[in-house]
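Trainee: Could you take me closely through one part of this model, beginning with the pairing of its strands and ending with the residues that meet around a single side chain?

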Amino acid sequence: MPRNVEIKARIASVEALAPIAAAIADQGPTEIIQDDTFFACDAGRLKLRTFSKEDGELIFYRRADQQGPKESFYLRSPTSSPETLRESLSLPTVR
């Protein structure tokens, strides 16, 4: 399963940070328009990330609930029909 390390930080000012990031970046910035919908998942976390009507991905990931840097294990499943997938995942469960 692929993995990454997540680090979240608070900044006082985007305007102050932007030139510092630009000085060390080799390209960009790139704006990515996305809509994330989160679903209940007992074994980890599950979200549908929609980029457009024809492009999205279902992302399963496991990450500890703790402060500071944390390792995240994930699987991404591309979809060409994110709205249908969102509808399917939103249907009530019958038990």
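Mentor: Two strands pair if DSSP finds at least two bridges between them, and that criterion underlies what follows. The model is a predicted one, and each value below should be read in that light.

In strand E3, the bridge partner of phenylalanine 38 is lysine 47, and the bridge partner of aspartate 35 in E3 is threonine 50. These belong to the pairing of E2 with strand E3 (residues 45-52), which is antiparallel and extends over 5 bridges; a hairpin leads from E2 to E3 through 5 residues. On to the next strand, E3 and E4 are likewise paired in the antiparallel sense, over 7 bridges, and the hairpin joining E3 to E4 passes through 2 residues. Within that pairing, arginine 45 has tyrosine 61 in E4 as its bridge partner.

Taken as a whole, the sheet is open and consists of 5 strands in the order E1-E5-E4-E3-E2, with antiparallel pairing. Its edge strands are E1 and strand E2 (35-39), each of which pairs on one side only. On average, neighbouring strands of this sheet are turned by 30° against each other, direction ignored. As a general point, strands of a sheet pair through backbone hydrogen bonds, either parallel or antiparallel. Helix H2 (residues 82-90) lies across E2, E3, E4 and strand E5 (70-79), and runs at about 150° to E3.

The side chain to examine closely is that of arginine 63, a residue of strand E4 (residues 55-63). Arginine 63 has a relative accessible area of 19%, and therefore counts as buried, because the cut-off for that class is under 20%. Leaving aside neighbours within four places in sequence, arginine 63 is in contact with Glu6, Lys8, Arg45, Lys70, Glu71 and Ser72. Isoleucine 20 offers a point of reference elsewhere in the chain: its C-alpha atom and that of arginine 63 are separated by 29 Å, with the two residues 43 apart along the chain.

Among the contacts of arginine 63, the one with glutamate 6 deserves attention, since a polar contact of 2.7 Å joins the side chains of arginine 63 and glutamate 6. Glutamate 6 is found in strand E1 (residues 3-6), and its relative accessible area of 17% places glutamate 6 in the buried class. The side chain of glutamate 6 also makes a polar contact with the side chain of serine 72, at 3.4 Å. Beyond its neighbours within four places in sequence, glutamate 6 is in contact with Arg63, Gly68, Pro69, Lys70 and Ser72.

Valine 5, also found in strand E1, has a relative accessibility of 55% and so counts as exposed, the threshold for exposed being over 50%. Not counting residues up to four places away in sequence, valine 5 touches Pro69, Lys70 and Glu71. Valine 5 and proline 69 are 64 residues apart in sequence, while their C-alpha atoms are 6.4 Å apart in space.

To draw this together, glutamate 6 of strand E1 has side-chain polar contacts with arginine 63 and with serine 72, and arginine 63 itself is in contact with Ser72.

Methods
Residues are numbered from 1 along each chain as its sequence is written. This is a predicted model: local features need pLDDT of at least 70, side-chain atom pairs count only at pLDDT 80 or more; totals for chains, interfaces and linings use all residues. Side-chain values use heavy atoms; hydrogens and water are left out. Helices (H or I, at least four residues) and strands (E, at least two) are DSSP runs, numbered from the N terminus. Buried means under 20% relative accessible area, exposed over 50%, partly exposed in between (1.4 Å probe, protein chains only). Contact means heavy atoms within 4.5 Å. A polar contact is a pair of N or O atoms within 3.5 Å; within protein, one must be able to donate a hydrogen and the other to accept it, and residues adjacent in sequence count only if both atoms are side-chain atoms. Axes are lines fitted to C-alpha atoms, for helices over the stretch in contact, and angles run from 0 to 180 degrees between N-to-C directions.
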